[in-house]
Amino acid sequence: MAGITIQGFRSIFRTFGAPSGSVWKWAQSFASFLLIALVLPALCSPLAAQTVTDTQAETGLAEAHPQGWWPNEGAAARNAYTGPRACAPCHPSEFNGWRNSQMAHAIVPAVESPFLRAHPHMSYQRGPYTYRIDLIGGKAVYSVTDGQNTLSIALLWAYGTGVVGQAYVFRANGVYNEAEVAFYPVLGRLDIVAGLVRALPPTLQGAFGLPLIPAAAQQCISCHTTAAVAGGRLDVQTLIRGVTCEACHGPGARHVAAMEKASRPIKSAANTIFDPVRLDPADLENFCAACHRSSLLVEREGLHGLDTVHYEPYRLEMSQCWIMSQRLTCITCHNPHQPLQQNPVGYDSACLSCHSARPSSAVALSAAKACPVAARNCVTCHMPECRLPLSPFSLSDHFIRIVSAGDPCAKS
Ligand code: HEC
Ligand code: HEC
Ligand code: HEC
Ligand code: HEC
Ligand code: HEC
Ligand code: HEC
Ligand code: HEC
């Protein structure tokens, strides 16, 4: 893999968009890489000498935030975590809803991917290169051939439940790589990873995978799992798959022990476990943005226009609803203990809690207007589906607005 340079690489699943010609940008990402390297010396083994010069690692600088638990920091010790099953007996409704959510399955071993099981032999042609993923002998074998030579390897992880797509990661010569092809449910097949320019790679090696610098590989696994980084150290052997209870509520061993010991019903568990509901709206937004990416990060990466549609916190914060209400957050519309609501009507009550002739008392202060056009299905007009550049799919835009005729997401 040594010596590969990916010019102008842009993946929506990663980061992003810096023309690699930009010395400043490179210096910035190198600086953040160094920072992570300092914090996590264990990771910086020989891989740091890799000559990949793209900008795949996200700026690892945490935003200022309140004390208590914060996602993705990785400071807590691994034995402070219990795993989600330990929470089920006492919190059955949260557990049963959550376990059907996409976040619960944000990563699975590639052989367990429902898409690969449904399509055990898939291929995709790109110029002279034939890509395949085959489930054979208990492995998900990924291969690329140019007709003369073939590279092939077993995939490790499948990322994503396929709200938009599922990506695959493998490890070769000590370096994590993302496979060049991902599965897209809208297409029902493999296609080039979203965000990649479709120019043909000059070599078979270049067509095979996208090498991830160690910091990027770590961030990638950290956001899609729980406790992959514990005590400041990445350990893929002991990670808990998916975004579990403890990714948001912090390590739970102390709480479980205290609740099991309690002889009489407990009224407040506040001092044994973190509840994000106590954060003020701006901090709660940044809390989810620790994985969903904050506005600060998007701005720092220099992303604009439709390239930002994927970053819900940034888009939401462009809305008058966010700016004028001071209280709209992700959990106004999403319950993290439930699967994603895909019926537009399901969001009406959230909109109407502010935008009705008689808003409910809790939000009456926001004094939001009612719609002169329609009384239901609000999101179909005001959160339009936008097509991401260099991708086969569209997403509901979290920039809530009146869509004018010239809007890039206006229905034609
Ligand atoms: C032995 C039973 C028990 C287990 C196991 C348990 N809890 Fe609790 N939990 C309680 C009780 C009792 C309360 C307090 C009453 C309530 O809020 O339901 C509570 C409260 C909470 C709260 C609200 C805290 C607050 O003060 O706002 C959260 C969040 C929570 N638990 C998360 C978890 C998570 C995550 C796990 C698994 C790591 C877990 N619990 C395991 C019994 C338990
Ligand atoms: C530890 C990282 C992490 C944190 C913290 C996090 N998310 Fe997520 N979230 C993810 C990942 C990864 C996915 C993609 C899951 C998939 O489709 O594979 C996701 C998906 C989602 C989805 C779409 C599908 C689903 O699972 O329902 C919603 C909605 C969502 N997150 C809301 C939230 C909210 C609200 C918060 C804050 C309370 C939050 N997330 C915090 C990582 C995180
Ligand atoms: C900063 C945290 C973060 C990092 C780093 C990260 N992801 Fe994600 N990823 C998310 C969140 C949050 C979502 C879901 C929300 C969204 O679509 O933005 C997501 C969504 C995805 C999806 C689409 C899931 C679906 O159901 O459609 C894929 C595939 C994916 N990520 C793969 C990766 C891979 C591969 C890497 C590393 C090369 C990576 N991600 C790095 C947080 C992260
Ligand atoms: C993506 C982040 C996220 C995940 C994952 C998550 N929670 Fe929560 N949880 C929250 C937020 C935000 C709140 C506060 C808002 C609310 O009540 O929905 C909360 C509230 C709670 C409460 C307090 C409920 C109440 O009525 O006061 C409990 C108990 C709880 N969660 C347990 C769990 C358990 C158990 C799991 C895993 C099965 C889990 N949570 C997974 C974010 C999360
Ligand atoms: C927490 C309260 C709150 C929620 C929830 C909320 N909004 Fe708003 N919204 C506001 C406020 C305040 C304004 C600014 C005053 C106004 O135009 O009514 C606003 C403005 C708007 C505007 C006008 C935007 C512009 O640029 O003129 C639209 C359209 C809108 N909201 C639609 C929605 C939709 C659709 C939903 C649900 C998906 C929603 N809002 C949820 C508070 C909210
Ligand atoms: C005003 C309501 C509203 C708010 C607030 C909101 N969402 Fe959404 N979200 C939606 C709707 C509507 C969809 C589209 C659901 C579908 O697929 O049909 C959605 C979809 C998603 C998805 C699935 C992938 C995508 O982007 O379409 C993720 C992830 C997500 N939201 C995360 C978040 C996060 C993180 C926040 C806080 C920054 C947030 N949402 C705030 C209404 C909202
Ligand atoms: C069929 C598309 C459509 C649907 C569905 C829809 N709207 Fe609208 N909405 C519009 C249009 C178009 C305008 C601009 C009207 C104008 O400027 O005369 C608008 C205007 C608004 C405004 C600004 C009002 C003002 O006086 O500035 C708000 C707030 C709003 N809608 C909220 C909602 C809510 C909440 C819902 C769901 C109950 C909803 N809309 C459903 C198309 C729609």
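Before anything else, one term: a donor here is an N, O or S atom within 2.8 Å of the metal, and water is not among the atoms, so a site may look incomplete. Keep in mind too that this is a predicted model.

With that, hello everyone, and let's start at ligand 3. How many donors does the protein give to the iron atom of ligand 3? Just a single one: H224, through its NE2 atom, 2.2 Å away. H224 sits in helix α5, so let's stay with that helix for a moment.

Helix α5 covers residues 214-224, and eight of its eleven residues are buried, so the helix is largely enclosed by the rest of the structure. If you want to find them on screen, the buried residues are P214, A215, A216, A217, Q218, Q219, I221 and S222.

Now over to ligand 5, which also has an iron atom. Which protein atoms are its donors? They are SG of C321 and NE2 of H355, lying 2.0 to 2.2 Å from the iron. These two residues link distant parts of the chain: C321 belongs to helix α11, residues 320-325, while H355 lies in the loop between α13 (348-352) and α14 (378-382), 34 residues apart.

What about the geometry there? Six donor atoms surround the iron atom of ligand 5, and because the angles they subtend run from 85 to 178°, the arrangement is octahedral. For reference, ideal angles for six octahedral donors are 90 or 180 degrees. And is H355 buried or exposed? Its relative accessible area is 30%, so H355 counts as partly exposed.

Last stop, ligand 2. There are 16 residues around it, and the closest are M103, T161, C288, C291 and H292. Two of those also make polar contacts. A polar backbone atom of M103 is 2.8 Å from an oxygen atom of ligand 2, and a polar side-chain atom of H292 lies 2.8 Å from a nitrogen atom of the ligand. L340 joins in as well, with a polar backbone atom 3.5 Å from an oxygen atom of ligand 2.

Where does this shell come from? Our helix α5 is back again: α5 and α8 (281-292) each supply at least two residues, and α8 gives the most, with three. Domain 1 (23-61 + 105-221) and domain 2 (276-396) each contribute at least three residues to the shell. By character, the shell has ten nonpolar residues, six polar and no charged.

That's my tour, thanks for listening!

Key
Residues are numbered from 1 along each chain as its sequence is written. Chains are lettered from A and ligands numbered from 1 in the order in which they are written. This is a predicted model: local features need pLDDT of at least 70, side-chain atom pairs count only at pLDDT 80 or more; totals for chains, interfaces and linings use all residues. Side-chain values use heavy atoms; hydrogens and water are left out. Donors are N, O and S atoms within 2.8 Å of the metal (3.2 Å for Na, K and Ca); water is not among the atoms, so sites may look incomplete. Four donors count as tetrahedral if all angles lie between 85 and 135 degrees; four count as square planar and six as octahedral if opposite donors are over 155 degrees apart and all others between 65 and 115; anything else is irregular. Helices (H or I, at least four residues) and strands (E, at least two) are DSSP runs, numbered from the N terminus. Buried means under 20% relative accessible area, exposed over 50%, partly exposed in between (1.4 Å probe, protein chains only). A residue is near a molecule or strand if one of its heavy atoms lies within 4 Å of it. A polar contact is a pair of N or O atoms within 3.5 Å; within protein, one must be able to donate a hydrogen and the other to accept it, and residues adjacent in sequence count only if both atoms are side-chain atoms. Ala, Val, Leu, Ile, Met, Phe, Trp, Tyr, Cys and Pro count as nonpolar, Asp, Glu, Lys and Arg as charged, and the others, Gly among them, as polar. Domain bounds come from an automatic or database domain assignment.
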